Amino acid sequence: MLNRRRFLQAASLATCLELINTNIPLAEAATKAFAHGTDEDFTSYVNVKVGTGGHGHVFPGATVPFGAVQLSPDTYTKGWDWCSGYYDTDTSIMGFSHTHLSGTGCGDLLDVLLMPAVGSVKLQPGTRENPTEGYRSRYSHEEEIAEPGYYSVKLKDSGVFAELTATERTGLHCYTFPASEESHFILDWSHSYDDPNDPVAEAAIELHGNDTIAGGRTVNSWAHGRQIFFAMQFSEPFTKAELFSDDQPQTETKLNGKTLKAALHYKTTAGQKILVRCGISGVSAENALKNLRAEQPGWDFAATRSAAKQKWQKELSRVSIKTDDKKQREIFYSSYYHMLCAPTLFDDADGSYRGMDGEVHQLEKGAHNYSTYSLWDTFRALHPAFTLIQPDRVPEMVNSLVVMAEQSPHGMPVWPLQGKETGTMTGYHSASVISEACVKNFEGIDWNRAYKVMRKRNMDDDWRGLGYYRSMGYIPADKEGESVSKTLEYGYNDWAVSHVAEKVGAHDDAAIQRKRSRNYQHYFDPKTQFIRAKLSNGEFTAPFDPIEMGHTEKYRDYTESNAWQTTFGVQHDNASYIELWGGREPFIKKLDSLFTVPSTLPPDAPPDIAGMVGQYAHGNEPSHHIAYLYIYAGQPWKTQSRVHSLLLTMYDNKPNGLQGNEDCGQMSAWYVMSALGLYAVDPASGNYVLTSPLFDKATLRVSGGKTLTIEAKRTSPDDIYIQSVTVNGKNSDKLWVSHEEIAHGGSIVFKLGSKPNEKLGAAEAVAPPSLKV
């Protein structure tokens, strides 16, 4: 139970305020030169608004790479398409909050909403249909700017011009007011994503002097019991400050409750700027103020904005592409930008953080704690991409997962968010991410420590059907929901964990895990040629329709997919799986039909199943590796054609430019890796399969500052088929490479043509590696 002391710690806050009010200049303003000596402004290629419409669920506001703060406008707080708090077709803004999710299918956060206003105080936001009845304001996209690290908008009803920028743990606002005797800010500490309704369990708020307000709260939303704290300081003293509980004015300067708000009053002249700086923390309001001291000690908005841009420039410049296609360049860098919006930092400037056990912990100097891992999605392409182009962050991200597993009462992380386990999605793919780092020989990770927590989930826990999976070889559909998908996910987790087991010398465990990773075979029905659910008695479920989610409404058999997509869900053992079909020919025939059958879906299909090509669903992650399976089956030219088509048709440089949820970078990572010509069908193998790159040349800054160059030699845009490939100067007869071959620099050169080379990479002997028992 939180108390006021824990929220506010007033004496310590006063000390911090003294330090902040010294107005120390920003530690290091950005220089004019761009990163690594180039004049190319990579941030100019980013369209931050991609994914803010359709079902992308992306926020447009200001953040820095992997930042804890995402300072962004909120337009609505209910409904699936408002999981990030913003939707492109809305015409009014509720205010600007400091935490947002990037492209998730569940909603939460939206902490610390601030809204400037003019006129009488209104404590309710009003509706989208009638925004003037509350503190909302109408706006126009023509008066809205969204750039990496910066957001601005003109609020039509108040006439206030709002500008936002950010550091890792703080947000900096600049509001330009009209002349008014009734200018004010509304701080709505009850504002949150409303699923369930009124999720704030308890909150506290406190005024400090005439320019600062701080508080904390517990929220029972998606991340149930999440704790968040803030400290907010204004560049000008309030002429009056009011606190409200349940929308009733209070005389105290400290409040506890659930529905807490503040009205902070000013008399402004025309063009007067009032700046606001806000720090957040998962530990305490005191630490939020310490974060302000460390990251935002001054009021130089231009310098903070420039520094944020420099951080984006540094990261975006890690990949430089050469192309004459301006649209695809913008899609590429917009995608790369969104890849770097998660995971997010969840620690304070002093190294303290709130762990998965609810307690405050201290990091070693220089270490970081991360949160916001959409692992069921991101183990597929985002984390493999990080091992190439964000290698310095990989050990930190993996160590965060290991520590979470040690601290959490739920064990291995599934979908952790700000110190809480949401438990969303199937499998335990923290194991997949950890294993990939192990196979790729990343240093700075204690593999014995990692295997201890991985083994507990893998060998001991009776969790979500794992007991059936171990004892029966499959999960019965009459005992556990989403049984088929869970079995396939656990099979991949077995495969992943086996690599770490081998690393630490647990060879007997590894043998068990590898054998068990083939449990998917129990579901293959040779008569229908589909992966199908089974009952406890060993019989397949009936009735069966491959477009359905399952055999009953109570027990869906598949997770956000159906039998069509799940039948091609094996990622690590395709050589054996193809043998199960009777060879390559019947497998390819079925795979071809996946892309050509009608795209009909049942009425209860989740909206995540989108971006349909036949029954292939690019809008959701179970399909993401499927187009690459032709390489395993001896017809890689079909991968080249299909992936090229998906790159051109499933992405656009518009707000509705994504076919499904962005999912914390996964949807974008598929595009980035595929456009580069590399994709990790099986991340835990440490290998990438090859396809024809979209761009003429790409230069990646990889481990140790070395350079990996990927070049596509073509004479026409119609040249989409690989004729030959050289890796590090040597001709290759295979269409896959190991991480080790390219991670420390090198080159891949593709010669492309307009017709397929049906021999290159087609022989079984040069197929990408699969499981070996």
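In the predicted model, the chain carries 75 positive and 93 negative charges, and the mean positions of these two sets lie 3 Å apart. The accessible surface amounts to about 26,700 Å². Carbon and sulfur atoms account for 48% of that area.

The chain folds into 20 helices and 37 strands. Its radius of gyration is 26 Å, close to the 28 Å expected from the globule rule for 773 residues, so the chain is as compact as a globular protein of that length. Along the principal axes, the C-alpha atoms occupy a box of roughly 80 × 60 × 50 Å. Buried positions make up 65% of the 773 residues. Contacts were also sorted by sequence separation. Of those between residues at least 6 apart in sequence, 70% link residues at least 24 apart.

The interior was then examined for nonpolar cores. The largest of them comprises 190 residues. Within this core, F96 and F234 have the most contacts. Helix α12, spanning residues 483-503, is the top contributor, with nine residues. A second core is separate and holds eight residues, among them L109, A223, W415 and L417.

The surroundings of F234 were listed without its neighbours within four places in sequence. On that basis, F234 contacts the aromatic residues F185, Y266 and W299. It also touches L114, I213, L264, I274, L275 and V276. The acidic residue D211 completes the list of contacts of F234.

How values were computed. Residues numbered from 1 in each chain as written. Predicted model: local features only at pLDDT ≥ 70, side-chain atom pairs only at ≥ 80, totals over all residues. Heavy atoms only, no water. Helix = DSSP H or I, 4+ residues; strand = E, 2+ residues; numbered from the N terminus. Rg over C-alpha atoms; globule rule 2.2 N^0.38 Å. Buried < 20%, exposed > 50% of the residue type's maximum accessible area, 1.4 Å probe, protein only. Contact = heavy atoms within 4.5 Å. Areas by Shrake-Rupley, 256 points an atom, 1.4 Å probe, with all protein chains shown as cover. Lys, Arg positive; Asp, Glu negative; His and termini not counted. Charge placed at Lys NZ, Arg CZ, Asp CG, Glu CD. Core = buried A, V, L, I, M, F, W, Y, C linked by side-chain atoms within 4.5 Å.
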